[in-house]
Amino acid sequence: MKKDVLLVDGYNIIGAWPELQELKKEDFAQARDRLIERMAEFQANKGWRVIVVFDAHLVPGIEKRKKQYRVEVVFTRENETADERIEKLVSELSNRLTQIHVATSDLVEQWVVFAQGALRISARELEIAMKEVDYLIAQSVRNSREERPLSKIPLSEEVATAFEKMRRGEQ
């Protein structure tokens, strides 16, 4: 069975998605975290392995890797761009049982990874895919709420709210 891997050019996507562009103006780190959260939702819904790559080529130091929400996050080493790291990952991860997808709107990078056998996903296409994921998550939440058993004792909204607060430890 073929596995799918999504490699995300982090700063390219942040610069392309309106939600993340606005967040970046206020707090760059928060925009990075939000992208990782969104990719975790994608990963949970699609079941793909997701690796988000951020440039750190202007920052002295070694490559940093971490897992956040089951998403692999890579900060490149000094003098290495995200594009270079993505190209290496495409080469390392490619095999007959793995389909690599690269999310970037950098046209040159799209052609390079396409030549290596990866499929490209533009920032806009990924944003559209995320809207579909959002819809599926909302549908799942609605379905689980509808399946929730109702109380056998009729309760007023006020009493039900009080019980819910007690259940959450808020009172």
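## Helix 4 against helix 5

Helix 4 (residues 82-93) and helix 5 (residues 107-115) have axes that come within 10 Å and cross at roughly 15°. The cut-off for roughly parallel is an angle under 35 degrees, and helix 4 and helix 5 are therefore roughly parallel to each other. Their crossing is right-handed. Please keep in mind as you look around that this is a predicted model.

Which residues bring the two helices together? From helix 4 come D83, I86, E87 and V90, and they meet E109, V112 and V113 of helix 5. Sorted by class, this contact has 4 nonpolar and 3 charged residues, with no polar ones.

## Two residues in this region

V112, found in helix 5, has a relative accessible area of 30% and is therefore partly exposed. Try locating V112 together with D83: the two are 29 residues apart in sequence, and their C-alpha atoms are 9.5 Å apart in space.

K88 lies in helix 4. With a relative accessible area of 33%, K88 is partly exposed. Setting aside neighbours within four places in sequence, K88 is in contact with R77 and E80. As for I62, this residue is 26 residues from K88 along the chain, and 16 Å separates their C-alpha atoms.

## Aromatic pairs

How many aromatic pairs does the whole structure hold? A search finds 5 of them. One is formed by Y11 and F28, whose ring centres are 5.3 Å apart and whose planes stand at 35°, so this pair is tilted. The pair joins distant parts of the chain, since Y11 sits in helix 1 (residues 10-16) and F28 in helix 3 (residues 28-46), 17 residues apart. Y11 has a relative accessible area of 22%, so this residue is partly exposed. F28 also counts as partly exposed, at 36% relative accessibility.

F42 and W48 make up an aromatic pair too, and this one is edge-to-face, with 5.3 Å from centre to centre and 80° between the planes. Are F42 and W48 buried or exposed? Both F42 and W48 are buried. Elsewhere in the search, ring pairs link Y11, F28, F54 and F75 into a cluster, a good group to display together on your screen.

## Buried residues with polar or charged side chains

E72 belongs to strand 4 (residues 71-75). Why does E72 count as buried? Buried means under 20% relative accessible area, and E72 has 14%, so this residue is buried. Leaving out neighbours within four places in sequence, E72 is in contact with R49, V50, I51 and V52. The list of its contacts also includes R65, K66 and K67.

Q43, in helix 3, is another one to look at. Its relative accessible area is 9%, so Q43 is buried. Beyond neighbours within four places in sequence, Q43 is in contact with W48, V50 and R70. Here the picture links up with earlier parts of the report: W48 is the ring partner of F42, and V50 is also among the contacts of E72.

Conventions:
Residues are numbered from 1 along each chain as its sequence is written. This is a predicted model: local features need pLDDT of at least 70, side-chain atom pairs count only at pLDDT 80 or more; totals for chains, interfaces and linings use all residues. Side-chain values use heavy atoms; hydrogens and water are left out. Axes are lines fitted to C-alpha atoms, for helices over the stretch in contact, and angles run from 0 to 180 degrees between N-to-C directions. Helices (H or I, at least four residues) and strands (E, at least two) are DSSP runs, numbered from the N terminus. Angles under 35 degrees count as roughly parallel, over 145 as roughly antiparallel, 65 to 115 as roughly perpendicular and the rest as oblique. A crossing is left-handed if the near helix is turned anticlockwise from the far one by less than a right angle, and right-handed if clockwise. Contact means heavy atoms within 4.5 Å. Ala, Val, Leu, Ile, Met, Phe, Trp, Tyr, Cys and Pro count as nonpolar, Asp, Glu, Lys and Arg as charged, and the others, Gly among them, as polar. Rings of Phe, Tyr and Trp (its six-membered ring) pair if their centres lie within 6.5 Å; planes under 30 degrees apart count as stacked, over 60 as edge-to-face and the rest as tilted. Buried means under 20% relative accessible area, exposed over 50%, partly exposed in between (1.4 Å probe, protein chains only).
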